[in-house]
Amino acid sequence: MQLLRMFSTAKYKGKKGYLKTQKKYEILRTFLYFGISLSLFAAGLITTKTRLNLLTVVAILGCLPASKSAVGMIMFLRFRGCSEENAKEIEKHSEGLFCLYDMVFTSYQKNYNVAHLAVKGNTVCGYTQDGSFDEQSFYQHIDGMLKADGLTNVSVKIFKDLSKYTSRLEQMGELDTDQGNSQKVIDSLKNIAL
C-alpha cells in the first residue's frame, strides 16, 4: 500500500519529482517482469527436469515486455530532475504561472532535459541545469512539434542561469495575455515529453 502511495505522489508528467518517481517505478517494473520470466523458466525446469517445455517458451516470450521495460528504465536513469534548491527558488517567483517540472524532450538527434517550464498564454520559458543544452536545436524541435499540434506563434526561451530565469518568471507573471492557449500548450508539451 505504501508503495502505491509513493508512486501516486508525482506520477503525472510535469509534477515536481516526476523523474525521480518514474525511475523507481521503471526499475521495479523491470525487475518484476524479469523475475516473472525467470520464475516461469525455473518452474518448468524443476517440474520437467528439462528446459524443453512449454513454460520455457512462455518465459522467453515474457522477456519481450521485460526488455522493453529495461529500455524505458535506462532512458529514465539517464536524466535528473529539478534540484530541491532550484525548485524552492523557482516557486518563489512563479505565482500565477502554469508550471511543469522534470520535462525531457527527445528527438532523433538529441535529448533535452528541462528542469522547469513556465507557461502563460503563448509564452513558454524554461530552465535547464544541463550545461551542454543545445538551445537552437531545441527551439527548432519544439517549434516543429507545437506547429504539428496546430499551435503557432508560441514564444519559447530556455535559460541556463537561474537568476535570469526567475527574473523572467516575474516578468511573465505581470503579462496580460489570454490564458486560453496555456492549457493547449501544456497538453502539447506533456504529449511530446518522456
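Colleague: Happy to look at this predicted model with you. With exposed meaning over 50% relative accessible area, and partly exposed lying between that and the buried limit of under 20%, how does Lys92 count?

Modeller: Good place to begin. The relative accessibility of Lys92 is 60%. The cut-off for exposed is over 50%, so Lys92 counts as exposed.

Colleague: Which residue does the side chain of Lys92 meet in a salt bridge?

Modeller: Look within helix H4, where the two partners sit three residues apart, separated by about one helical turn. The N to O distance is 3.5 Å, and the cut-off for a salt bridge is within 4 Å. The partner counts as partly exposed, at 28% relative accessibility. The side chain that Lys92 meets is that of Glu89.

Colleague: Staying with helix H4, how many residues apart in sequence are the parts that Glu91 and Lys16 tie together?

Modeller: Their side chains meet in a salt bridge, at 2.4 Å from N to O. Glu91 lies in helix H4 (residues 84–93), whereas Lys16 lies in the loop between helix H1 (2–8) and helix H2 (18–48). The pair therefore ties together parts whose separation in sequence is 75 residues.

Colleague: Are Glu91 and Lys16 buried, exposed or partly exposed?

Modeller: Let's take them in turn. Glu91 has 37% relative accessibility, and Lys16 has a relative accessible area of 35%. Buried needs under 20% and exposed needs over 50%. So Glu91 counts as partly exposed, and Lys16 is likewise partly exposed.

Colleague: Now to strand S4: which residue in helix H5 pairs with Lys157?

Modeller: The two side chains meet in a salt bridge with an N to O distance of 3.6 Å. This pair links distant parts of the chain, 22 residues apart, with strand S4 covering residues 155–159 and helix H5 covering residues 135–148. Lys157 counts as partly exposed at 36%, and its partner counts as partly exposed at 22%. That partner in helix H5 is Glu135.

Colleague: What separates the C-alpha atoms of Gly131 and Lys160?

Modeller: Gly131 lies in the loop between strand S3 (123–127) and H5. Gly131 is exposed, with a relative accessible area of 63%. Along the chain, Gly131 and Lys160 are 29 residues apart. Their C-alpha atoms are separated by 7.2 Å.

Colleague: To finish, how many salt bridges does the count come to?

Modeller: We have met some of them, including Glu91 with Lys16 and Lys157 with Glu135. The rule asks for a side-chain nitrogen of Lys or Arg within 4 Å of a carboxyl oxygen of Asp or Glu. By this rule, the number of salt bridges is six.

Definitions and conventions. Residues numbered from 1 in each chain as written. Predicted model: local features only at pLDDT ≥ 70, side-chain atom pairs only at ≥ 80, totals over all residues. Heavy atoms only, no water. Helix = DSSP H or I, 4+ residues; strand = E, 2+ residues; numbered from the N terminus. Buried < 20%, exposed > 50% of the residue type's maximum accessible area, 1.4 Å probe, protein only.
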